[in-house]
Amino acid sequence: MEKKRKMFIIKTISILVSIFVILYGVLMVFNAWVALGYSLDTQEFRNAIVLKRIFSCLFAVLTSACFIVGGIGTLRSKKWGFYIVCTTLLLWITPGLLFKSITPRTNPEQPKVQQFLIGGDIFYHQKNYQQAISYYQKAIELDPNSAESYGRRGFVYYMQGNMDRAISDYSKAIQINPNDKNAYHFRGLAYTDKGNYDQAISDFTKSIELEPYACIQAYENRAAAYAKKGNYDQAISDYNKVIKINPNLAYIYYYRGVAYDAKGDHDQAISDYNKAWIYLPKAESLGFFKADPDFLDKLKKASGREK
């Protein structure tokens, strides 16, 4: 009889643990859903809010029922009552303490900041740039020390061709976070488009220093800036580094060939143009590069394949 009682207690506690874990999981899913749907006036968003409230109520009802049943059992000097109370307390308190311990202290407006950033990203991908800027602006107003918000707004300005505002936003992001490699990189692109190659090279160099093992685009863009300055040896050196990291990028061989051509090394240029042509199918099959007709025409002409 005692053995059956113990088995009953173990099964009961196991069931309780399973139900609590499932409810926690469902609530976390709905929290994410609600966050992603913030300020989007859709039926799905309203459904998420309703379902989250329903599961929150179920969680509260289950917790209360466990405490009541466990409390009655404890008052009657039943061991199972004490075990149920302890298990419920543990399952009720532990997740809250865990989340509190692993969550860094942030601006109290930070959840709203992230929601506006998500909204801005959605509008950006829809190419609704003005609305995206509006959302990023709201994120900045809520947290003026968010380098991420300035960086994202700066990128939209860059895509609009507004280089001065892009540079201003990236400069602000760097001021807030001097280790933001992406801000240096994209500010370098904006400076390149404005023809300020020295400042662009400086920014690309800083981006490389911050993350030397994952900076293939910074090397590539710095090489382009060097080439536009007429410093072909430095450009070739950077293209060499890109090829060392990823030898399957056909267009890099082409641009290195252009640099060799510009400095008068025509044999090496032809060699690179031929390599670009050879690597092109592999690069496209691996998804590294999709050649547009203009690039193909240039490559055919440069490699002597134009008929």
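Author: Buried means under 20% relative accessible area, exposed means over 50%, and partly exposed is in between. Keep in mind that this is a predicted model.

Reader: Thanks! Is F186 buried, partly exposed or exposed?

Author: The relative accessible area of F186 is 23%. Buried requires under 20% and exposed over 50%, so F186 counts as partly exposed.

Reader: Which residue forms a stacked aromatic pair with F186, 15° between the planes?

Author: Happy to help. Planes under 30 degrees apart count as stacked, and this pair has 15° between the planes, with 6.0 Å centre to centre. The partner lies in helix α7 while F186 lies in helix α8, so the pair ties together parts that are 16 residues apart in sequence. The partner is buried, with a relative accessible area of 2%, and the residue is Y170.

Reader: Which residues do ring pairs link into a cluster?

Author: One pair in the cluster is F155 and Y158, stacked at 6.4 Å centre to centre. Being three residues apart in helix α6, F155 and Y158 are separated by about one helical turn. Ring pairs link into one cluster Y124, Y129, F155, Y158, Y170 and F186.

Reader: Good. Between α7 and α8 sits D180; which backbone nitrogen does its side chain reach?

Author: D180 is buried yet has no salt bridge, as the nearest side chain of opposite charge, K181, is 6.9 Å away. A salt bridge needs the atoms within 4 Å. At 3.2 Å, the side chain of D180 reaches the backbone nitrogen of N182.

Conventions:
Residues are numbered from 1 along each chain as its sequence is written. This is a predicted model: local features need pLDDT of at least 70, side-chain atom pairs count only at pLDDT 80 or more; totals for chains, interfaces and linings use all residues. Side-chain values use heavy atoms; hydrogens and water are left out. Buried means under 20% relative accessible area, exposed over 50%, partly exposed in between (1.4 Å probe, protein chains only). Lys and Arg count as positive and Asp and Glu as negative; His and the chain ends are not counted. A polar contact is a pair of N or O atoms within 3.5 Å; within protein, one must be able to donate a hydrogen and the other to accept it, and residues adjacent in sequence count only if both atoms are side-chain atoms. Rings of Phe, Tyr and Trp (its six-membered ring) pair if their centres lie within 6.5 Å; planes under 30 degrees apart count as stacked, over 60 as edge-to-face and the rest as tilted. Helices (H or I, at least four residues) and strands (E, at least two) are DSSP runs, numbered from the N terminus.
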